[in-house]
Amino acid sequence: SILGLRRGEGADPQALDGHVVVKPSVGAGSSGARLFRDDPACASAHLAQLHADGRTAMIQPYLSGVDT
């Protein structure tokens, strides 16, 4: 499932486990989107940076079919 987070709102650590994409909820192309593979600390840091930039963010599971 996709989790939307308003500025300053933290994520449940379990939402950042595994392969996840953290990205702005509004954006052009892939600007600001990052894939994290079993690295919740870096995913959390990216989420915090998006919020610090005044952006609302979302976390979603990575779907390998997107790469094909």
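Q: How far does the charged end of Arg37 sit from the centre of the ring of Tyr62?
A: This is a predicted model: local features need pLDDT (the predictor's confidence in each residue, from 0 to 100) of at least 70, side-chain atom pairs count only at pLDDT 80 or more, and totals for chains, interfaces and linings use all residues. Numbering runs from 1 along each chain as its sequence is written, and side-chain values use heavy atoms, with hydrogens and water left out. A charge counts as over a ring if NZ of Lys or CZ of Arg is within 6 Å of the ring centre and within 35 degrees of the ring normal. The charged end of Arg37 sits over the ring of Tyr62, and its distance from the ring centre is 5.4 Å.

Q: In which strand is confidence lowest?
A: The protein chain averages a pLDDT of 82, and 81% of the residues score at least 70. Confidence peaks in strand β3 (residues 34–37), at a mean of 94. The lowest mean, 55 over residues 3–5, belongs to strand β1.

Q: Which pattern does the protein chain follow along the sequence?
A: Helices (H or I, at least four residues) and strands (E, at least two) are DSSP runs, numbered from the N terminus. The protein chain has 1 helix and 4 strands. Read along the sequence, they give β-β-β-α-β.

Q: Which residue of β4 is the bridge partner of Val20?
A: Strands pair if DSSP finds at least two bridges between them. Strand β2 (residues 19–24) is joined to β4 by 5 bridges, and the two run antiparallel. Within β4, the partner of Val20 is Pro61.

Q: Why is strand β4 largely enclosed by the rest of the structure?
A: Buried means under 20% relative accessible area, exposed over 50%, and partly exposed in between (1.4 Å probe, protein chains only). Across the 68 residues of the protein chain, buried residues make up 25%. Strand β4 (residues 57–61) is largely enclosed because its buried residues number 4 of the 5.

Q: Which element supplies the largest share of the largest nonpolar core?
A: A nonpolar core is a set of buried Ala, Val, Leu, Ile, Met, Phe, Trp, Tyr and Cys residues joined through side-chain atoms within 4.5 Å. The largest has 9 residues, among them Val20, Phe36, Leu47 and Ile59. At least two residues each come from β2, α1 (40–52) and β4. The largest share, 3 residues, comes from α1.

Q: What is the relative accessible area of Leu16?
A: Leu16 lies in the loop between β1 and β2. It is one of the residues of the largest nonpolar core. Leu16 is buried, with a relative accessible area of 4%.
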